[in-house]
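Good morning, and thank you for making time for this presentation. I would ask you to keep the sequence and the structure in view while I speak.

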Amino acid sequence: YTRGTVAAFSPFDARADAEALRKAMKGIGTDEETVLKILTSRNNAQRQEIASAFKTLFGRDLVDDLKSELTGKFETLMVSLMRPTYIFDAHALKHAIKGAGTNEKVLTEILASRTPAEVRNIKQVYLQEYEANLEDKITGETSGYFQRLLVVLLQANRDPDGRVDEGLVEQDAQVLFRAGELKWGTDEEKFITILGTRSVSHLRRVFDKYMTISGFQIEETIDRETSGDLEKLLLAVVKCIRSVPAYFAETLYYSMKGAGTDDDTLIRVMVSRSEIDLLDIRKEFRKNFAKSLHHVIQKDTSGDYRKALLLLCGGDDE
């Protein structure tokens, strides 16, 4: 059961696709249209089969060819589509903590939104692919409560959803209220423990109860009482507890709002959610921003990059 916009293509012929791609990139000039149509209409598993057929038939690496024939954001998008699903997040994190400066936005987006099973998988793949421990890498590049919450999320030990204990809901809501609104300064540790370890269904009830007790949404308290990277991470965790598709709809909206586009975020979200919940993200986008995702991409991007993004987006929800 998937709410993605990209599904397995049928009838699928990896060799025919490989031949079409080779022809599109051979000789002078590239037929970008063919490249983008094939890669956006096959799912990730099929793209891997195409890459393997490409190597078998021509002794060439498809990703290397894409890199040498394409440029700019369009190239980044096509190469991202070719990355094996299981390695996508590990690769994004590796690049977020590499070299000068850490990309906190990427750490926040991935670790706040992925399920415990997905986080466990990311850690395992990171170790296999990069022969390094993801937690060590992240703690080496971050600090303070931001680091602590990341470490809690990396443990991937969130309680599984089950029967919600109303007594514990009340207790957690009171603890958060005392730690946030009532106390001079905030007891960040309480926020980190509760938001990082309780089950999703439990926390949704805690947020409702918090509103009843305090008269504030928990987001408002976080906004007032914390700042910087910690604030952004706490807010991302709360939003993902409420609704992962709504969180990504907002992430996409802000990647394109105002002057300039945050293309890295736009590409990362469109590619990573295309086989999971992009239909739900589109629905939330339409509901929360009174425009369709399709419309905003159309307005904010251009060329082959736009064509490819719109194909990934699928329909319009005007």
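Lys 73 is partly exposed, with a relative accessible area of 43%. Please bear in mind throughout that this is a predicted model. The side chain of Lys 73 meets that of Asp 263 in a salt bridge, with 3.9 Å from N to O. This pair links distant parts of the chain: Lys 73 belongs to helix H5, Asp 263 to helix H17, residues 263-273, and 190 residues separate them. Asp 263, unlike its partner, is classed as buried, because its relative accessible area of 15% falls under the limit of 20%. Lys 73, at 43%, is counted as partly exposed because that value lies between 20% and 50%.

Let me place this pair within the overall architecture. The protein chain is divided into domain 1 (14-82), domain 2 (86-155), domain 3 (166-242) and domain 4 (244-313). The C-alpha centres of domain 1 and domain 4 lie 23 Å apart. How many residues of each are in contact? On the side of domain 1 there are 15, and on the side of domain 4 there are 11.

The size of an interface is often given as the accessible area lost when the parts come together. Between domain 1 and domain 4, the buried area is about 1200 Å², and carbon and sulfur atoms give 74% of it. Within domain 1, the residues that lose the most area to domain 4 are Thr 40, Lys 73 and Leu 77; together they account for 42% of what that side buries. Lys 73 therefore appears twice in this account: it is among the residues of domain 1 that lose the most area to domain 4, and its side chain takes part in a salt bridge with Asp 263.

I turn now to the polar side of this interface. The rule finds two salt bridges across the interface of domain 1 and domain 4. The side chains of Lys 307 and Glu 33 also meet in a salt bridge, at 3.0 Å from N to O. As for polar contacts, two residue pairs are counted between these domains, both at pLDDT 80 or more. Which elements give two or more residues to the side of domain 1 that touches domain 4? They are helix H2 (32-41), helix H3 (44-58) and helix H5 (72-82). H5 provides the largest share, with seven residues. By residue class, this side of domain 1 divides into five nonpolar, five polar and five charged residues.

Next, the salt bridges elsewhere in the model. By the rule applied here, the count comes to 21. Helix H17 appears again in the pair of Arg 268 and Glu 109, whose side chains meet at 2.7 Å, N to O. This pair, too, links distant parts of the chain: Arg 268 is in H17, Glu 109 is in helix H7 (residues 104-113), and they are 159 residues apart. Are these two residues buried or exposed? Arg 268 counts as buried at 8% relative accessibility, and Glu 109 counts as buried at 1%.

A further salt bridge joins the side chains of Arg 273 and Asp 277, at 3.0 Å from N to O. Arg 273 is buried, with a relative accessible area of 5%, and Asp 277 counts as buried at 7%. Salt bridges with shared partners also join Glu 33, Lys 37, Asp 304 and Lys 307 into one network.

Finally, I draw your attention to some features of the backbone. The peptide bond from Ser 10 to Pro 11 is cis, with omega near 0°. Pro 11 is placed in the segment before helix H1 (14-25).

Where are the residues with positive phi that I wish to mention? Glu 131 lies in the loop between helix H8 (116-130) and helix H9 (134-141). Its phi is near 50°, a positive value in a residue other than glycine. Ala 156 is found in the loop between helix H10 (144-155) and helix H11 (166-182), and its phi is near 55°, again positive in a residue other than glycine. As to accessibility, Glu 131 is exposed, with a relative accessible area of 72%, whereas Ala 156 is buried, with a value of 6%.

Thank you for your attention.

How values were computed. Residues numbered from 1 in each chain as written. Predicted model: local features only at pLDDT ≥ 70, side-chain atom pairs only at ≥ 80, totals over all residues. Heavy atoms only, no water. Domains from an automatic or database assignment. Contact = heavy atoms within 4.5 Å. Buried area = accessible area lost by both parts, 1.4 Å probe. Salt bridge = Lys/Arg side-chain N within 4 Å of Asp/Glu carboxyl O. Polar contact = N/O pair within 3.5 Å; in protein donor to acceptor, adjacent residues only side chain to side chain. Helix = DSSP H or I, 4+ residues; strand = E, 2+ residues; numbered from the N terminus. Nonpolar A, V, L, I, M, F, W, Y, C, P; charged D, E, K, R; others polar. Buried < 20%, exposed > 50% of the residue type's maximum accessible area, 1.4 Å probe, protein only.
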